[in-house]
Amino acid sequence: MGGTEHLTVQREGATLVLTLNRPEARNALSLPMLVGLYDGWLEADADDSVRSVVFTGAGGSFCSGMDLKALAGNGMAGEEYRDRLKADPDLHWKAMLRHHRPRKPVIAAVEGYCVAGGTEMLQGTDIRVAGESATFGLFEVKRGLFPIGGSTVRLQRQIPRTHALEMLLTGRPYSAREAAAIGLVGHVVPDGTALAKALEIAEQINSCGPLAVEAVKASVYETAEMTESDGLAAELTRGWPVFDTADAKEGARAFAEKRPAVYKRA
C-alpha cells in the first residue's frame with residue numbers, strides 16, 4: 001500500500017480508505033498529498049480486491065483547498081515529489097479527480113472544512129456524507145481567483161444552476177444542511193460519524209456484484225450528456241455483457257438459494 005507523509009492509505013475489508021493527512025493546515029493540498037492521492041486512485045483501479053474507495057480527511061477537516069507554497073515546493077516537498085510533477089504535469093488534476101475518474105465507487109466522508117479545492121474534489125466523488133458541522137464553499141472569487149478545478153463545469157450539472165451560480169459567484173460558506181438541501185451531499189450525520197457512515201455505504205456496495213457495480217457507474221457517467229436515445233443504446237452496450245458473467249449466475253443462484261452471493265469478478 002502506498003501513501004506519503006500527507007496521504008494515508010488503509011484497507012477496511014474490500015474498501016480502500018484514502019485520508020488527507022495534514023491536519024495542522026486543515027488538510028490544505030500539498031505536493032506530497034497530491035502525489036499520494038493520485039497513487040491511491042491508481043491502486044484502487046488496479047487492485048480487483050478493492051471494490052470501493054472512501055475519501056476523507058484527518059483531524060476533523062476534509063480539505064481547505066490548495067496550499068500554493070507547498071505546491072511550489074518551498075520547504076515542503078522533496079525532489080522525489082517535484083520529479084513526479086515534472087514527469088506528469090497533469091498529475092495534480094488527476095489527483096483532484098478533474099482529469100481522472102476511478103472505476104470503483106468513491107464515497108466522500110466530510111468533517112469540518114471542505115472548501116475551495118476541497119469542494120472541487122468533492123464534485124469528483126460519487127456518494128457524499130457530511131458531518132453536521134461541515135462547511136462547504138468555493139471562495140475563489142472573493143480572492144480574485146477562478147475555481148479552475150472543474151466547478152464552473154461540474155457544479156451546474158450536479159445541483160440546480162441557480163444554486164451553482166450563487167455558490168460560485170458569492171464565495172460564501174454553506175452549512176452541511178444547506179449543502180444537502182441543494183443536492184451537493186446526500187447524507188448529513190452527527191459530527192464525528194461521517195467516516196463510519198461512508199464505510200457502511202461502502203460495505204453495502206461491496207456486497208454487490210463488482211462487475212455490475214463498475215458497469216453501472218461507467219454507464220451513468222458516460223450517458224450523462226447524451227440524448228436519451230443515445231444513452232439507452234450505450235446502456236445496452238455496457239449492460240448486456242454483465243448478464244453473461246459468472247457473477248451474474250452466482251447472484252441468481254444465491255437469490256434462489258436464499259444465501260449471500262460470493263462474487264469473484266468473473
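## Salt bridges, strands and a one-sided helix

Let's begin with Arg 157, which is exposed at a relative accessible area of 54%. Here, buried means under 20% relative accessible area, exposed means over 50%, and partly exposed lies in between, with a 1.4 Å probe and protein chains only. This is a predicted model, in which local features need pLDDT of at least 70 and side-chain atom pairs count only at pLDDT 80 or more, while totals for chains, interfaces and linings use all residues. Residues are numbered from 1 along each chain as its sequence is written, and side-chain values use heavy atoms, with hydrogens and water left out.

**Salt bridges**

A salt bridge is taken as a side-chain nitrogen of Lys or Arg within 4 Å of a carboxyl oxygen of Asp or Glu. Some of these pairs are set out below.

| Acidic partner | Basic partner | N to O distance |
|---|---|---|
| Asp 67 | Arg 22 | 2.9 Å |
| Asp 126 | Lys 217 | 2.7 Å |
| Glu 225 | Arg 157 | 3.6 Å |

The count by this rule comes to 18 salt bridges. Asp 67, in the loop between β3 and α2, is joined to Arg 22, in the loop between β2 and α1, so this pair links distant parts of the chain, 45 residues apart. Asp 67 and Arg 22 are both buried. Asp 126 sits in the loop between α5 and β6 while Lys 217 belongs to helix α10 (residues 210–222), so their pair ties together parts that are 91 residues apart in sequence. Asp 126 is partly exposed, with a relative accessible area of 23%, whereas Lys 217 counts as buried at 9%. As for the pair of Glu 225 and Arg 157, Glu 225 lies in the loop between α10 and α11 and Arg 157 in helix α6, 68 residues apart. Glu 225 is exposed as well, at 56% relative accessible area. Elsewhere, salt bridges that share partners connect Asp 48, Arg 103, Glu 214 and Arg 265 into one network.

**Helix α6**

Helices (H or I, at least four residues) and strands (E, at least two) are DSSP runs, numbered from the N terminus. Helix α6 spans residues 151–158, and within it Ser 151, Arg 154 and Leu 155 are buried. These three cover an arc of only 100 degrees around the axis, which puts them on the same side of α6; the arc is that of the directions from the helix axis to the C-beta atoms. Among the elements covering the buried residues are α5 (117–122) and α7 (161–170).

**Strands**

Two strands pair if DSSP finds at least two bridges between them. Strand β4 (residues 106–110) is mostly covered, with five of its five residues buried. One side carries Val 106, Ala 108 and Val 110 and the other Ile 107 and Ala 109, so that both faces are covered. Strand β3 (residues 52–57) runs parallel to β4 and is joined to it by four bridges, with Phe 55 opposite Ala 108. Four bridges also join β4 to the parallel strand β6 (residues 127–131), where Arg 128 is the bridge partner of Ala 108.

An open sheet of three strands follows the order β5-β7-β8 with mixed pairing. Its edge strands, β5 (113–115) and β8 (174–175), each pair on one side only. Three bridges link β5 to β7 (residues 135–137) in the parallel sense, and Val 115 stands opposite Gly 137 in β7.

Definitions and conventions. Contact = heavy atoms within 4.5 Å.
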